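Work through these short exercises with the structure open beside you. Try each task before you read its solution.

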Amino acid sequence: MPETYALRRDPEQLLREVEAQEAYERRGRLKIFLGYASGVGKSYRMLDEGRRRHTRGEDVVVGAMQAVTSVEVQKILQTLEVIPLQRLNGGERMDIDLILSRRPQVCLVDGLAYNNPPGSRHAERWQDAEELLEAGISVIGTVNLQYIEEYQEQVEHVTGSKTTETIPLGFVNNADEIEVVDAPPEECIERFGCNDPKRGTAASQEQLSQLREIALVLAAEVVDRQLEAYVRRHGLEQLWGVHERILVVLTPRANSTHMIESGGRNARRFRGDLFVVHPGDPYFTPEEKARLEPNLALASRLGAEVEALDGSDLVTSVLQFARTRGITQIFIARNTAETWWERLRGGDVDRLISEAEGIDVRVFPS
Amino acid sequence: MNQSAIPSRGSLKIYLGYAAGIGKTFKMLEEGQKLKREGVDVVIGYFEPHGRKDTMVVAEGLELIPRRKIEYRGAVFEDMDTEAILRRAPRVCLVDEFAHSNVPGSERAKRWEDAQIVLDAGISVLTTMNVQHIESLNDQVWHISGIRMRETVPDWVIRQADEVVMVDLPPGALLNRLRRGAVYPPEKASKALENFFKESTLVVLRELALRQTAYEVDVRTPSPETETASSPEPAPPAGSQPLATAANHDRILIYVTHDPLSAIAIRRGRRVADYLHADCFAVAVRQNGGGHSSLTTVEREALDKHLDFARNLHIETRVLEGENIAETLVNFALQRQITQIFLARNNSRSGVFRKDFVRQVVHLARDIQVTIVAERHRTSEPR
């Protein structure tokens with residue numbers, strides 16, 4: 001890994017870690033197959049994994065399976081023990097009581113976002129899965145991007161249609177493993193005639209591409225979070241990843257609006273994160289500070305994390321911030337009015353350039 | 001592949017992964033089997049079973065073009081027989097390991113170049129590669145894994161692919177496969193586990209592959225701007241829309257020297273240019289008159305190598321002449337409406353001079369942004 005440091009840990013923290021570890025070990029493992037639409041082959045991949053585990057001697061049951069399935073899926077289903085869905089109030093739900101008493105090692109749960117019929121213990125199927133996990137049963141399940149609550153607005157924007165079934169992103173984030181099931185849109189259309197027969201195929205291909213991209217970035221973000229957790233668990237501090245993180249440094253004479261917009265555009269294009277920092281009071285006169293306000297509002301609108309930096313030494317505090325956040329690019333405005341004194345000690349921008357090891361520095365016209 | 005007319009050039013589909021053993025070849029062969037069932041004339045041009053049973057089973061029944069034997073320094077190597085593929089002229093050809101380097105003395109240095117010949121003959125190609133073989137990611141991969149990939153594919157070749165598909169597998173599952181001996185024989189597996197297959201390395205490479213695939217999907221999605229999906233547009237700046245768009249069109253200029261860090265600047269500049277949909281140029285400046293600053297033969301060769309490298313990445317190159325390097329560079333940038341100049345970082349050997357040079361460029365650049373590209377150290381000295 002890049003630069004790593006051992007972090008100091010206090011006994012309290014160690015105890016909490018041990019307790020968390022024990023709780024984790026009692027729980028079942030969760031693996032999620034994520035797809036961007038119906039027809040990418042999530043259910044097949046889930047069952048295939050179940051089949052392979054079964055042949056390796058694990059005790060596997062199918063807890064829930066969607067009704068419409070392909071020939072390949074049917075073939076695997078015949079080799080596995082299936083716990084039938086329960087009919088209730090005109091709907092279907094997973095028979096968790098039966099599964100809990102059967103106590104398999106692994107339970108396959110297709111369509112984690114399904115709504116349970118009224119009168120069920122839990123409103124949604126992922127909550128049933130959660131109960132199985134709590135009981136120490138591992139779950140392998142499938143999720144379609146469009147059902148992830150935090151992404152529904154984005155998906156609606158692409159497809160123009162709403163869904164009522166949801167699964168919180170937190171559930172996906174907490175999975176031990178997430179695996180993307182990727183396939184070109186043509187293949188989904190081929191296999192399932194696309195998601196929705198009401199929409200024409202020509203328009204759908206483009207929509208599917210957009211959903212596909214969102215799903216891939218979502219998976220990358222889940223992986224990124226897992227990496228952070230891994231790094232923390234191993235007491236390491238990782239300083240440089242693959243996720244572009246852009247830091248815009250606002251200084252009094254900078255054309256802040258331009259820099260923030262450019263930072264936002266770059267962050268969007270790289271599917272990265274935007275950070276905006278500005279030095280504290282000694283650097284800004286009250287008028288300059290007043291001018292700063294609308295720019296900070298713009299930064300927030302663009303989704304930036306905004307922070308005021310302490311300390312009288314701008315370069316040191318910027319670099320400290322950059323290193324803890326894994327910044328990959330720093331945007332800063334050129335110093336036009338360099339005094340003889342600034343020139344002598346090298347000027348902030350020059351110092352930043354020479355000290356920002358491992359980080360790109362982009363100098364903007366002021 | 002379902003076009004009615006015979007295409008002049010075959011279509012290219014890449015199965016992209018992040019490590020050996022995640023199932024790229026398997027996926028490619030599965031697709032080959034599916035095509036065969038559909039009645040498509042498909043052959044295996046080259047595939048590397050690595051002694052993996054699953055892979056060999058899924059290859060059964062597909063026509064295999066025999067490999068060609070090449071003698072090199074007294075040893076016999078086997079490689080893809082491109083001529084034989086062309087003679088056989090199937091509709092679709094499966095070509096494993098796109099980034100593979102051919103045996104020295106072959107007609108073409110890289111397998112992806114052979115694939116180009118096959119594509120040009122109107123044959124569609126399915127192929128496999130890992131994200132770490134993408135040229136512009138070379139420095140990042142080095143940084144992540146500590147390994148300098150020698151086998152790379154230029155980004156523009158990947159851009160030509162009609163389809164890039166991610167083959168995913170969580171690192172934990174990959175490590176299990178490796179430990180079970182399903183990827184490599186035992187002695188090679190334990191070595192791999194110690195080196196490349198560290199969990200943290202795999203996690204980062206996987207993220208890189210996911211992001212790269214998302215990017216490949218993005219550039220192939222036929223809408224003008226797919227940004228609407230990710231976040232709200234910034235408040236439109238004053239001025240008409242066309243003007244704003246023009247102002248947003250980036251033109252990147254990479255300054256190239258004989259210094260090894262130039263390669264890093266070229267890769268980074270290329271990558272940023274691709275993401276920003278920007279034009280990309282590279283220039284070197286030959287200083288005229290300066291006696292002591294003229295290049296040695298070794299340095300001149302290094303500079304030529306960097307310019308070649310830039311051209312291989314489809315970057316337009318120029319060699320300028322001038323008395324003052326910074327002035328010559330910036331004047332060219334101003335003439336060409338460059339919006340961003342990319343410079344390599346200071347090299348410690350000539351620290352004072354370079355620092356001055358960077359400062360000069362920044363000072364002269366006026367409305368042009370100047371990016372000083374980080375030297376992505378593998379390991380930094382503790383400070």
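Chain A exposes about 16,400 Å², and carbon and sulfur atoms supply 50% of that area. Keep in mind that this is a predicted model.

**Exercise 1. The build of chain A**

Task: Find how many helices and strands chain A has, and what share of its residues count as buried.

Solution:
- Step 1. Count the elements. Chain A has 14 helices and 13 strands.
- Step 2. Turn to burial. A residue is buried when its relative accessible area is under 20%. In chain A, 56% of the 366 residues count as buried.
- Step 3. Look at contacts between residues at least 6 apart in the sequence of chain A. Of these, 73% join residues at least 24 apart.

**Exercise 2. The interface**

Task: Describe where chain A and chain B are in contact, and which element of chain A gives the most residues to that side.

Solution:
- Step 1. Count residues. On chain A, 70 residues are in contact with 80 residues of chain B.
- Step 2. Give the area. The size of an interface is often given as the accessible area lost when the parts come together. Chain A and chain B bury about 6,700 Å² between them. Carbon and sulfur atoms hold 50% of this buried area.
- Step 3. List the pairings. The rule finds seven salt bridges across the interface of chain A and chain B. The side chains of Asp218(B) and Arg271(A) meet in a salt bridge, at 3.9 Å from N to O. Does that distance pass or fail the cut-off for a salt bridge? It passes, because the limit is within 4 Å. Between the two chains, 24 residue pairs are in polar contact.
- Step 4. Name the elements. Several elements of chain A each supply at least two residues to the side that touches chain B, including helix H2 (42-55), strand S8 (177-181) and helix H9 (201-233). H9(A) gives the most, with 16 residues.
- Step 5. Sort the residues. The side of chain A that touches chain B divides into 27 nonpolar, 13 polar and 30 charged residues.

**Exercise 3. Two residues with positive phi**

Task: Asn89(A) and Arg73(B) are to be placed. In which loop does each lie, and is each buried or exposed?

Solution:
- Step 1. Recall the background. Most residues other than glycine have a negative phi.
- Step 2. Check the angles. Asn89(A) is not a glycine, yet its phi is positive, about 45°. Arg73(B) is not a glycine either, and its phi is about 50°.
- Step 3. Place them. Asn89(A) sits in the loop of chain A between strand S4 (86-88) and strand S5 (91-93). Arg73(B) sits in the loop of chain B between strand S4 (68-72) and strand S5 (75-79).
- Step 4. Apply the cut-off. Exposed means over 50%. Asn89(A) has 56% relative accessibility, so it counts as exposed. Arg73(B) has 74%, so it is exposed.

**Exercise 4. Two residues to classify**

Task: Decide whether Glu49(A) and Val42(B) are buried or exposed, and list what each touches beyond four places in sequence.

Solution:
- Step 1. Start with Glu49(A), found in helix H2 of chain A. Its relative accessibility is 10%, so it counts as buried.
- Step 2. Glu49(A) touches Lys31(A), Phe33(A) and Ile140(A).
- Step 3. Go to Val42(B), in strand S2 (residues 42-46) of chain B. Its relative accessible area is 6%, so it is buried.
- Step 4. Val42(B) is in contact with Gly32(B), Lys36(B), Leu62(B), Glu63(B), Val92(B) and Leu94(B).

Terms used: Residues numbered from 1 in each chain as written. Chains lettered and ligands numbered in written order. Heavy atoms only, no water. Helix = DSSP H or I, 4+ residues; strand = E, 2+ residues; numbered from the N terminus. Buried < 20%, exposed > 50% of the residue type's maximum accessible area, 1.4 Å probe, protein only. Contact = heavy atoms within 4.5 Å. Areas by Shrake-Rupley, 256 points an atom, 1.4 Å probe, with all protein chains shown as cover. Buried area = accessible area lost by both parts, 1.4 Å probe. Polar contact = N/O pair within 3.5 Å; in protein donor to acceptor, adjacent residues only side chain to side chain. Nonpolar A, V, L, I, M, F, W, Y, C, P; charged D, E, K, R; others polar.
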